[in-house]
Structure formats: C-alpha cells, structure tokens
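The exercises below are to be worked with the sequence and the coordinates at hand. Each task is followed by a solution that goes step by step.

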Amino acid sequence: MHDSRGELEVETLLKIVLALLAVFLAFQILQAVIGGIASLLGPFFVLVQLGIALVIVLWLLERV
C-alpha cells in the first residue's frame, strides 16, 4: 500500500499559511475601510450598496 501523506515540504506549507494570512489581513483592511465609509454615510450606505448591486446586475445583463 502506497502512503502519500506528508509529501508537502515545510517551505510549501509555510507559503500556503502565509498566503492565507495575507488574504485574512486584506479582508480585515477591507472591512475597516468599508466600515469607515459606512459610518460617514450613515443611513445612505444601504442606498449605496443597492446602487452598486444594481450596476453589477445591469453589467451582467449587458445593459450598461
């Protein structure tokens, strides 16, 4: 029976972990930026989100 566990090198595993950490940090920064914009816009932020969603839908339907 061929056992293929443990074939990843330590460097490869470290690169995967660092890439996941970079993605996590990017999401945290994006969340902070969006949260700051939301606090500035207040109740109008929902309208901005709906507008962005509308533009995306129209773009997917090739109406823009």
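**Exercise 1: the loop and its glycine**

Task: locate Gly42 relative to the helices, and describe its backbone and its exposure.

Solution: In this predicted model, Gly42 is found in the loop between H1 and H2. Turning to the backbone, Gly42 follows H1 and has a positive phi, near 65°. For the exposure, the range that applies is the one between buried, under 20% relative accessible area, and exposed, over 50%; Gly42 has a relative accessibility of 33%, so it counts as partly exposed. As a last step, take the separation from Gln28, which lies 14 residues from Gly42 along the chain: their C-alpha atoms are 21 Å apart.

**Exercise 2: the spans of the helices**

Task: compare the end-to-end reach of each helix with the span expected at 1.5 Å a residue.

Solution: Begin with H1, which covers residues 10-41 and has 32 residues; the expected span is 46 Å, and the reach of 47 Å from the first C-alpha to the last is close to that value. Continue with H2, residues 45-60, whose 16 residues should span 22 Å; its end C-alpha atoms are 23 Å apart, which agrees. Just after H2, a positive phi of about 60° is taken by Glu62.

**Exercise 3: the overall form of the chain**

Task: decide whether the protein chain is as spread out as a compact globule or more so, using its radius of gyration.

Solution: The secondary structure of the protein chain consists of 2 helices and 0 strands. Its radius of gyration is 21 Å, whereas the globule rule gives 11 Å for 64 residues, and the chain is therefore more spread out than a compact globule. The box filled by the C-alpha atoms, taken along the principal axes, is roughly 60 × 30 × 15 Å. As for burial, 2% of the 64 residues count as buried, while the accessible surface comes to about 6200 Å², with 74% of it belonging to carbon and sulfur atoms.

Methods:
Residues are numbered from 1 along each chain as its sequence is written. This is a predicted model: local features need pLDDT of at least 70, side-chain atom pairs count only at pLDDT 80 or more; totals for chains, interfaces and linings use all residues. Side-chain values use heavy atoms; hydrogens and water are left out. Helices (H or I, at least four residues) and strands (E, at least two) are DSSP runs, numbered from the N terminus. The radius of gyration is taken over C-alpha atoms; the globule rule is 2.2 Å times the number of residues to the power 0.38. Buried means under 20% relative accessible area, exposed over 50%, partly exposed in between (1.4 Å probe, protein chains only). Accessible areas come from the Shrake-Rupley method with a 1.4 Å probe; for residues, only the protein chains shown count as cover. The expected span of a helix is 1.5 Å times one less than its number of residues.
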